[in-house]
Amino acid sequence: MSGRPKGELVLSESDREQLQALTMRRKTAQALALRARIVLACADGLDNKSVAAKQRGTQQTVSKWRARFVMHRLDGLLDAPRPGAPRTINDARVDAVIAKTLESAPVGATHWSTRTTAREMKLSQTAVTRIWRAFGLQPHRQETFKLSSDPMFVDKVRDIVGLYLDPPLKVMVLCVDEKSQIQALDHTQPMLPLAPGIPKRRTHDYMRHGTTTLFAALDIATGEVIGEVHRRHRSSEFVRFLRTIEASVPSHLDVHLVIDNYGTHKTPSFKAWFARHPRFHVHFTPTSASWLHQVECWFASLTEKYLRRGTHRSTRQLEDAIHQYLDIYNANAQPFSWSKSADEILASLERFCMRVRTAAGEAS
């Protein structure tokens, strides 16, 4: 064998538990969590090159922390003291700030601010800001999530991702959905144009002029969209859109439709239509999993580029604008690039569930 010989890395049960805890705890610094993942991967028998590729680092980094752990165990993963003025805030006070931020809430508020934390911990606001920044804490921010409770979640993910990554021959795969309640809005006063140093401005209030619904079918191979607008979005309108799809797709191709679980997609008339058209095959997305539906990405692009800042004085004007966008988009359509396999998606969700469970355990 070539290369410098490596020290034997063997983990005790206690070492492994502490390293795994470092990778999952919310208040672990990212650098320390990375070092723990490196040691765990090395302990599983991977060479430095493989570990570096897996952790998106360099072989030198892997070699450094492997050797530090072999020599000093868990203490070797900590940063060495740096030169400079002595610290005025010791580790115990830093831990206290982190614990206070993560595990409690101030009286009369839902979350801590730098000012309230500084008063509570008898520190300066700047010190609290530095601690929060070092540990990636942002109490003022909040995001949402929703885990699907669909009992067939895994099977549906594998089915739909399989269509995206490896569709059958002589088949057109279409992601079909409706964007309902698109409002025709007109502002009460003229908009002020963009100028150097001055953003475009509009009034905060507006007038409503009705709504419309866009039915869309995204071809995952070409990125082209079959679109149709209706004033309502009942099952009858959806069946009419299916007829439009049938007329648009060459007769020699089978059609696989990716559809969500909206009520109009499961009515008797919907099922009867598919019974009369055997070349159409339906693939339902899991409940609460709109991220799996490619047409939702296209809807987001439509909203951001064309609808959110648009001004429409009637529903007809809004519908004309949507048709115009469809023509412009389809003239230079580009498919979305789906790269993750079903196994990667499921593994990512498993890691997320583990973090949620760990966080719930720490909170309790």
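In what order do the five strands of the open sheet run? The order is β3-β2-β1-β4-β5, and the pairing is mixed. Before going further: this is a predicted model. I will take the sheet, then two residues inside it, then two helix pairs.

The edges of the sheet are β3, residues 225-230, and β5, residues 280-284; each of these pairs on one side only. From one strand to the next, the twist averages 30°.

As a general reminder, strands of a sheet pair through backbone hydrogen bonds, and they do so either parallel or antiparallel. Both senses turn up here, given the mixed pairing.

Let me start at the β5 edge. Strand β4, residues 254-259, pairs with β5 in the parallel sense, and there are five bridges between them. For registration, V258 stands opposite H283 in β5. Two helices pack on the sheet in this region. Helix α8, residues 153-165, touches β1 (171-187), β4 and β5, and its direction makes about 125° with that of β5. Helix α10, residues 268-275, touches β4 and β5, with a direction at about 135° to that of β5.

Now β1. On one side β1 runs parallel to β4, joined to it by five bridges. M172 has V255 as its bridge partner in β4. On the other side, β1 pairs with strand β2, residues 206-219, in the antiparallel sense, over eleven bridges. Two positions fix the register: L174 stands opposite D219 in β2, and D186 stands opposite M207 in β2. How much of β1 is buried? Twelve of its 17 residues are, so the strand is largely enclosed by the rest of the structure.

That leaves β2 and β3. These pair in the antiparallel sense over six bridges. They form a hairpin with five residues between the strands, and G223 in that hairpin takes a positive phi near 85°.

Next, two residues, one from β4 and one from β2.

The β4 residue is L257. Its relative accessibility is 0%, so L257 counts as buried; the cut-off for that class is under 20%. What does L257 touch, leaving aside residues up to four places away in sequence? The list is L174, V176, L242, F274, F280, H281, V282 and H283. Of these, L174 is 83 residues away along the chain, yet the two C-alpha atoms are separated by 5.0 Å. If you have the model open, L174 is the residue I just placed opposite D219 in β2, and H283 is the one opposite V258.

The β2 residue is T213. With a relative accessible area of 1%, T213 falls under the 20% limit and is therefore buried as well. Which residue in β3 is the bridge partner of T213? It is H230. T213 and H230 are 17 residues apart in sequence and 5.3 Å apart in space, C-alpha to C-alpha. With residues up to four places away in sequence again left out, T213 touches E178, K179, S180, Q181, E228, V229, H230, R232 and H233.

Last, the helix pairs, beginning with α3 and α4. Helix α3 covers residues 48-55 and helix α4 covers residues 59-72; they pack at an angle of about 110°, with their axes 8 Å apart. The range for roughly perpendicular is 65 to 115 degrees, so α3 and α4 belong in that class. Their crossing is right-handed. On the α3 side the contact is made by N48, K49, V51 and A52, and on the α4 side by Q59, V62, S63 and R66. By class, those residues divide into three nonpolar, three polar and two charged.

The other pair is α6, residues 114-121, and α7, residues 125-134. Their axes come within 8 Å and cross at roughly 110°. α6 and α7 are therefore roughly perpendicular to each other. The crossing of α6 and α7 is right-handed. Which residues make the contact? From α6 they are T114, R115, T117 and A118, and from α7 they are Q125, V128, T129 and W132. The contact of α6 with α7 has three nonpolar, four polar and one charged residues.

To recap the sheet: it is open, with five strands, and β3 and β5 are its edge strands. That is what I have on this model.

Methods: Residues numbered from 1 in each chain as written. Predicted model: local features only at pLDDT ≥ 70, side-chain atom pairs only at ≥ 80, totals over all residues. Heavy atoms only, no water. Axes fitted to C-alpha atoms, helices over the stretch in contact; angles between N-to-C directions. Helix = DSSP H or I, 4+ residues; strand = E, 2+ residues; numbered from the N terminus. Parallel < 35°, antiparallel > 145°, perpendicular 65-115°, else oblique. Left-handed = near helix turned anticlockwise from the far one by under 90°. Contact = heavy atoms within 4.5 Å. Nonpolar A, V, L, I, M, F, W, Y, C, P; charged D, E, K, R; others polar. Pairing = 2+ DSSP bridges. Buried < 20%, exposed > 50% of the residue type's maximum accessible area, 1.4 Å probe, protein only.
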